[in-house]
Amino acid sequence: MAEKRKLCLSAKGLTKVFGFGKTRTVAVDNVDFSFYEGEVISIVGESGSGKTTLSKMLLGLINETEGEIFFLGQKRDIRSQRNKQEYWKNIQAIFQDPFSSYNIFNKIDSVLLDCIKMRGGGNLPKEKKIEMMREACSFVNLKFDELTNKYPFELSGGQMQRLMIARIFLLKPKILLADEPTSMIDACSRATILDMLMELRKEIGMTVIFITHDIGLAYYVSDSVYIMEHGKFVESGTPDEVILHPKQPYTKRLINDVPKIYEEWDLSTVG
Ligand SMILES: Nc1ncnc2c1ncn2[C@@H]1O[C@H](COP(=O)(O)OP(=O)(O)OP(=O)(O)O)[C@@H](O)[C@H]1O
Ligand SMILES: [Mg+2]
């Protein structure tokens, strides 16, 4: 089974250094990883451990200081704008603060229309485009007809995150990177958003990379877990290996920060 897995995104010696001299910060420190097609990967670590910096490099929003990123087994080359645009058809992101992701002066229908254009559907008949937008909205329980003339800032946080998922529904990227996508919304919306993401993942077979503080979430959703401390991956493996049988003191400490869930896990491991 393991041999059949196809590499989706991987890296060797990936490093990001900010500043120099006294302000020098090694935000991501020589990390290696292999993410496979269709996998759900969680990257867990404390605040400041380098998670967002790593995701920005994966997205091609900032340059790596050292090391290499491979996409589908080939060295990634996004130096030209054209290659970058092409790459962004394959990897998309949902961020913690959905309001930061849009041009807030674009109405919602143009946000969705842009996704259709990006997928090469710019010349489709208008009715077809509307049908596609309607389908995407209904997938996330939003009513297209009520949204079509609104601006993103007229939506609630939960509605905005659902709109983000509607975008992903239209874009159908190979990889979705979700950086703390549920940390700004209430528990109920959080569960809905996660359900929708998992449903969408099944439907289009995406690789999902979750960036989170929440080791409980990582346990429930992931195939692989990477633990990040001070820019390094200190431990990785299946959720059972990493979270039920952690080897590193740092991982143990992260788990002890969520005692209630840990007790439940503990019961499941009594042999
Ligand atoms: N643009 C930047 N310039 C200088 N230092 C930066 C920059 N971005 C991040 N850093 C530093 O890099 C380190 C890692 O930051 P990063 O945002 O990647 O952490 P994080 O794991 O995402 O944290 P959080 O969980 O709080 O979101 C921190 O020490 C941060 O101060
Ligand atoms: Mg972050």
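**Exercise 1. The two domains**

Determine how many residues of domain 1 are in contact with domain 2, and where the two domains lie along the chain.

*Solution.* Step 1: In this predicted model, 10 residues of domain 1 are in contact with 9 residues of domain 2. Step 2: Domain 1 is assigned to residues 1-90 + 178-250, and domain 2 to residues 102-172. Step 3: On the side of domain 1 that touches domain 2, there are 8 nonpolar residues, 1 polar residue and 1 charged residue. Step 4: Taken over C-alpha atoms, the centres of domain 1 and domain 2 are separated by 26 Å.

**Exercise 2. Helices α3 and α6**

Classify the packing of α3 and α6 from the angle between their axes, and list the residues that make the contact.

*Solution.* Step 1: Helix α3 comprises residues 108-118, and helix α6 comprises residues 157-171. Step 2: The axes of α3 and α6 lie 8 Å apart, at an angle of about 25°. Step 3: Angles under 35 degrees count as roughly parallel. Therefore α3 and α6 are roughly parallel to each other. Step 4: The crossing of these two helices is right-handed. Step 5: From α3, the contact is made by Ile108, Val111, Leu112, Cys115, Ile116 and Met118, and from α6 by Leu163, Ala166, Arg167, Leu170 and Leu171. Step 6: Sorted by class, the residues of this contact are 10 nonpolar, no polar and 1 charged.

**Exercise 3. Helices α4 and α6**

Describe how α4 crosses α6, and state how the residues of their contact divide by class.

*Solution.* Step 1: The axis of helix α4 (residues 126-139) comes within 8 Å of the axis of α6, and the two cross at roughly 130°. Step 2: Because of this angle, α4 is oblique to α6. Step 3: The crossing of α4 with α6 is right-handed. Step 4: Met132, Ala136, Cys137 and Phe139 of α4 meet Ala166, Phe169 and Leu170 of α6. Step 5: The residues of this contact comprise 7 nonpolar, no polar and no charged.

**Exercise 4. Helices α6 and α7**

Establish how α6 and α7 are oriented to each other, and which residues form the contact.

*Solution.* Step 1: Helix α7 spans residues 187-204, and its axis lies 10 Å from that of α6, at an angle of about 0°. Step 2: The two helices, α6 and α7, are therefore roughly parallel to each other. Step 3: Gly158, Gln161, Ile165, Ile168 and Phe169 of α6 make the contact with Ser189, Ile193, Met196, Leu197 and Leu200 of α7. Step 4: By class, this contact has 7 nonpolar, 3 polar and no charged residues.

**Exercise 5. The shell around ligand 1**

Identify the residues that come nearest to ligand 1, and the element that supplies the largest share of the shell.

*Solution.* Step 1: There are 13 residues around ligand 1, of which Phe18, Ala27, Ser47, Thr52 and Thr53 come nearest. Step 2: Both β2 (25-36) and α1 (51-59) supply at least two residues of the shell. Step 3: The largest share, 3 residues, comes from α1. Step 4: The shell around ligand 1 divides into 2 nonpolar, 10 polar and 1 charged residues.

Conventions
Residues numbered from 1 in each chain as written. Chains lettered and ligands numbered in written order. Predicted model: local features only at pLDDT ≥ 70, side-chain atom pairs only at ≥ 80, totals over all residues. Near = placed C-beta within 6 Å. Helix = DSSP H or I, 4+ residues; strand = E, 2+ residues; numbered from the N terminus. Nonpolar A, V, L, I, M, F, W, Y, C, P; charged D, E, K, R; others polar. Axes fitted to C-alpha atoms, helices over the stretch in contact; angles between N-to-C directions. Parallel < 35°, antiparallel > 145°, perpendicular 65-115°, else oblique. Left-handed = near helix turned anticlockwise from the far one by under 90°. Contact = placed C-beta atoms within 7 Å. Domains from an automatic or database assignment.
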